[in-house]
Amino acid sequence: MSGLPERKVTVEQLLRLKRAERPSPEFWAQFEAQMRAKQLSAIVERRPWWAGLSRFAAFGRMQVSLGAAAALALSFAGYRLVEGQLAPGPASEVAALPVRSPAAAGRSAAVPAARSVREVVATVAGRTPSAPRPLVAADAPHIVPAPAAAALAAETTRSPFADGIAVTLADYREPVSAPRPDVFGSDRDFEAETLTARAQVADPLARMDTEAERRARILSPALPLARAYAADWMRQRTSTDDRIYESMDRAMSDDHQLGGIRF
Amino acid sequence: MQASKTLEKTLMATPERKLEADADLAVVRQVQAGDVAAFDRLIVKYRERVLGVIYNMTSNREDAADLAQDAFIKAFQSIHRFQGQASFFTWLYRIAVNSTLSHLRRNRLRSFFSLESVREDDPVSKDLVDALTDKQGGERDAFIRELQEKLNEAMQKLSIKHRTVVTLFEIDGLSHQEIAEVMECSVGTVRSRLHYAKQLLQGELQPYVK
């Protein structure tokens, strides 16, 4: 090996030799010429197709704002819809009951209408498994929860109270405005059906099946007595409720004190 | 006192570099304003250093020339994105080093050395060769040529990242902080790579080093 050194140096000193490795001036002339050619080709190089998409940047920003507005509107509409479903008023609860109007009952068979009446009575009495709590319609004061005995009777037989309530509810649900004859045709047939259905619902004994007829025959002698008893019971109950409400009002208005405990 | 100054110079960029960076930023602003010819001043100023870094990483002068030109073209094309948060030469070095690293990874199996000649008039190289040998004339030239080849072989045995750190620190004279900015790593990583690379070079260049 001819290149063996007589003396030794450090690695750092040895690496400094590479600083002295420099190209010749001719190299730099060639480098500059190549550099110029590459620079010019870079300047005149065709722009890629996606570079033109920047023109749509303003529209893209507008799309974002439109999308945000649409999302906001949808959110608001959804909120209103959910709010209406989750927090219905007493009227809408009553309207949601499976009561069929006389018109609908007239268009279909009378038996389903009777079944609907039974469900309404059970629901109002609070004895339906799906709706255990009693339903009280605040804006329908004529709807009064039936007493337990009457509700029990409504499950087995057709109670006059239940049918009366059903008719009231059906009237309550009936639309106020009549359908336009020029749109829906003549309403004479419709009125006839409505009257027939109303008569069927209003006369409970007219729609009784065999078992119910047998029970009605048993109960019919006691029917006037039961009606009188029920009317008396309702009158007593109303007065009792009034006394309870009055006492509660006095207790609550007494500086919000109840049982010696200040709230 | 002298040791602390040397350490500071090693770790941090010097005030001269900061003045240089301010001057470069003014030129870059001209280019960004539309004065394309001003970029030629930056090319002339940094072409030797950029080429030297790439050459010492690749050990191939043709590849180094192409990569240096590509680095300047990339810098020119994306100069509108330069915000001036780092110095221009650090930014330019980062472009050059990343291009070279990509090239070396693509051509990992291809290694062809084409060495530049060592300039005899350089005082550093003359002192170094004088320190190593007393030979003169043709023997001296052969000794320098063999030393050059041994050095390049040892450098090529380093990994790409270790070679880059050694090149930037020992040959180009960048500080640890500047190398960390160029290589986008921590200063500790730079020191660790430098220490490991020197140990490897010490073993490879055993006949020449103490």
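A nonpolar core is here a set of buried Ala, Val, Leu, Ile, Met, Phe, Trp, Tyr and Cys residues joined through C-beta atoms within 7 Å. The model on screen is predicted, and the tour starts from its largest core.

**Stop 1: the core.** Select B:Val50, B:Ile54, B:Ala68, B:Leu92, B:Ala96 and B:Ile179. These residues have the most contacts inside the largest nonpolar core, which has 57 residues. Next, select residues 38–58 of chain B, helix H3: the largest share of this core, nine residues, comes from that helix.

**Stop 2: B:Lys45.** Stay on helix H3 of chain B, where B:Lys45 is found. Is B:Lys45 buried or partly exposed? With 17 other C-beta atoms within 10 Å, B:Lys45 is partly exposed, because a residue counts as buried only from 20 such atoms upward and as exposed at 12 or fewer. Add B:Asp24 to the selection. B:Asp24 and B:Lys45 are 21 residues apart along the chain, and 9.8 Å separates their C-alpha atoms.

**Stop 3: around B:Ile179.** Return to B:Ile179, one of the core residues picked out at the start. Which residues does B:Ile179 contact, leaving aside neighbours within four places in sequence? They are B:Val165, B:Leu168, B:Phe169, B:Leu174 and B:Val190.

**Stop 4: two crossing helices.** Now select residues 160–171 and 187–204 of chain B, which are helices H8 and H10. Their axes lie 9 Å apart and the helices pack at an angle of about 95 degrees. H8(B) is therefore roughly perpendicular to H10(B). On the H8(B) side, show B:Lys161, B:His162, B:Val165, B:Val166 and B:Phe169; on the H10(B) side, show B:Val190, B:Arg193, B:Leu194, B:Tyr196 and B:Ala197. By type, the residues of this contact are seven nonpolar, one polar and two charged. B:Val165, B:Phe169 and B:Val190 take part here and are also among the contacts of B:Ile179.

**Stop 5: chain A.** Switch to chain A and colour by secondary structure. The chain has 12 helices and two strands, with the two strands following the helices when read from the N terminus. Of its 263 residues, 16% are buried. Among contacts between residues at least 6 apart in sequence, 65% join residues at least 24 apart.

**Stop 6: where the chains meet.** Finally, display both chains. How many residues of chain A are in contact with chain B? There are 28, facing 39 residues of chain B. Select 11–15 and 25–43 of chain A: helices H1 and H2 each supply at least two residues of this side. The largest share, six residues, comes from H2(A). Coloured by type, the chain A side shows 12 nonpolar, six polar and 10 charged residues.

Technical notes: Residues numbered from 1 in each chain as written. Chains lettered and ligands numbered in written order. Predicted model: local features only at pLDDT ≥ 70, side-chain atom pairs only at ≥ 80, totals over all residues. Helix = DSSP H or I, 4+ residues; strand = E, 2+ residues; numbered from the N terminus. Contact = placed C-beta atoms within 7 Å. Nonpolar A, V, L, I, M, F, W, Y, C, P; charged D, E, K, R; others polar. Axes fitted to C-alpha atoms, helices over the stretch in contact; angles between N-to-C directions. Parallel < 35°, antiparallel > 145°, perpendicular 65-115°, else oblique.
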